[in-house]
Amino acid sequence: MNYRVIIADDNPLICKSLCETIDWKQYGCQPVGTAENGTEALRLVYQTNPDILVTDIKMPVMSGLELSKWIYENLEEEERPLIAAISGYAEFEYVKGMMRFQAVDYLLKPVDREELGKILWHAEEILRAK
C-alpha cells in the first residue's frame, strides 16, 4: 500500500532533500506534496488526505505545533494523519507540545535518513493496524 505523505518545512531545500533522498517505496509511502508553512500544509491536508505528515515545528504563518494542534482539535481521529515532528531545537517544551497532539516521534535536524526510516516503519505499522 502507498501511504500518502506531506512534508512541511520552511526551508525548501529540506523539503526537496527529503523527497529525493528517502526511498519512500521501501516504506510503502509516497510524498504527495510539500509546504513551506503550516497554512500551506493544512491546505494540502484537505486536498490530499495524507496518512503521514512530516512537519517542522518552527515555521512562519502557522507553526508545526499550531498545525498539529489544529489537526488534533478539528479532524476526526480517522481523518488525522500521523505526525512526525522535525526541528532544529532540542527543547523539551516542543517535544511535549507535539506529543500532546499525538505526534508519533520527534527528530532533530539535520534529519537522519535511517531515523526517519524507523519512524516511517512505525507509522506503517500503526496505519496497518487501523
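Me: How many aromatic pairs does the structure hold?
Reply: The model is predicted: local features need pLDDT of at least 70, side-chain atom pairs count only at pLDDT 80 or more, and totals for chains, interfaces and linings use all residues. Residues are numbered from 1 along each chain as its sequence is written, and side-chain values use heavy atoms, with hydrogens and water left out. Rings of Phe, Tyr and Trp (its six-membered ring) pair if their centres lie within 6.5 Å; planes under 30 degrees apart are stacked, over 60 edge-to-face, and the rest tilted. The number of aromatic pairs in the structure is four.

Me: What kind of pair do the rings of Tyr27 and Trp121 form?
Reply: The ring centres of Tyr27 and Trp121 are 5.2 Å apart. Their planes stand at 75°, so the pair is edge-to-face.

Me: How many residues apart in sequence are the parts that the pair of Tyr27 and Trp121 ties together?
Reply: Helices (H or I, at least four residues) and strands (E, at least two) are DSSP runs, numbered from the N terminus. Tyr27 is in the loop between helix H1 (12-21) and strand E2 (29-35), whereas Trp121 belongs to helix H5 (residues 113-129). The pair therefore ties together parts whose separation in sequence, in residues, is 94.

Me: What is the relative accessible area of Tyr27, and is this residue buried or exposed?
Reply: Buried means under 20% relative accessible area, exposed over 50%, and partly exposed in between (1.4 Å probe, protein chains only). Its partner Trp121 has 38% and counts as partly exposed. Tyr27 has 10%, so it is buried.

Me: At what angle are the planes of Tyr89 and Tyr94?
Reply: The centres of these two rings are 6.1 Å apart, and the pair is edge-to-face. Tyr89 is partly exposed at 38%, whereas Tyr94 is buried at 15%. The angle between the planes of Tyr89 and Tyr94 is 65°.

Me: Which residue lies over the face of Tyr89?
Reply: A charge sits over a ring if NZ of Lys or CZ of Arg is within 6 Å of the ring centre and within 35 degrees of the ring normal. At 4.6 Å from the ring centre of Tyr89, the residue over its face is Lys58.

Me: The backbone nitrogen of Tyr89 lies 2.9 Å from a polar atom of which side chain?
Reply: A polar contact is a pair of N or O atoms within 3.5 Å; within protein, one must be able to donate a hydrogen and the other to accept it, and residues adjacent in sequence count only if both atoms are side-chain atoms. The partner residue is in strand E4 and is buried, at 0% relative accessible area. The polar atom 2.9 Å from the backbone nitrogen of Tyr89 belongs to Ser87.

Me: What arc do the buried residues of helix H2 cover around the axis?
Reply: In H2 (residues 38-48), Gly38, Ala41, Leu42, Leu44, Val45 and Thr48 are buried. The arc is taken from the directions from the helix axis to the C-beta atoms, and on the other side of H2, Tyr46 and Gln47 are exposed. The buried residues are on the same side of H2 because they cover an arc of only 160°.

Me: Which residue follows H2 with a positive phi?
Reply: At the start of H2, a side-chain oxygen of Asn37 comes to within 2.9 Å of the backbone nitrogen of Thr39. After H2, phi is positive, near 45°, in Asn49.

Me: Which element gives the most to the largest nonpolar core?
Reply: A nonpolar core is a set of buried Ala, Val, Leu, Ile, Met, Phe, Trp, Tyr and Cys residues joined through side-chain atoms within 4.5 Å. The largest has 21 residues, and Val5, Ile22, Trp24, Cys29, Ile52 and Leu120 have the most contacts inside it. Elements giving two or more residues to this core are E1, H1, E3, E4, E5 and H5. With five residues, the element that gives the most is H5.

Me: Which residue does a cis peptide bond join to Lys109?
Reply: The omega of this bond is about -5°. The residue joined to Lys109 is in the loop between strand E5 (103-108) and H5, and is Pro110.

Me: What is the phi of Val61?
Reply: Val61 is in the loop between strand E3 (52-56) and helix H3 (64-74), and is exposed at 67%. Its phi is positive, in a residue other than glycine, and is near 70°.
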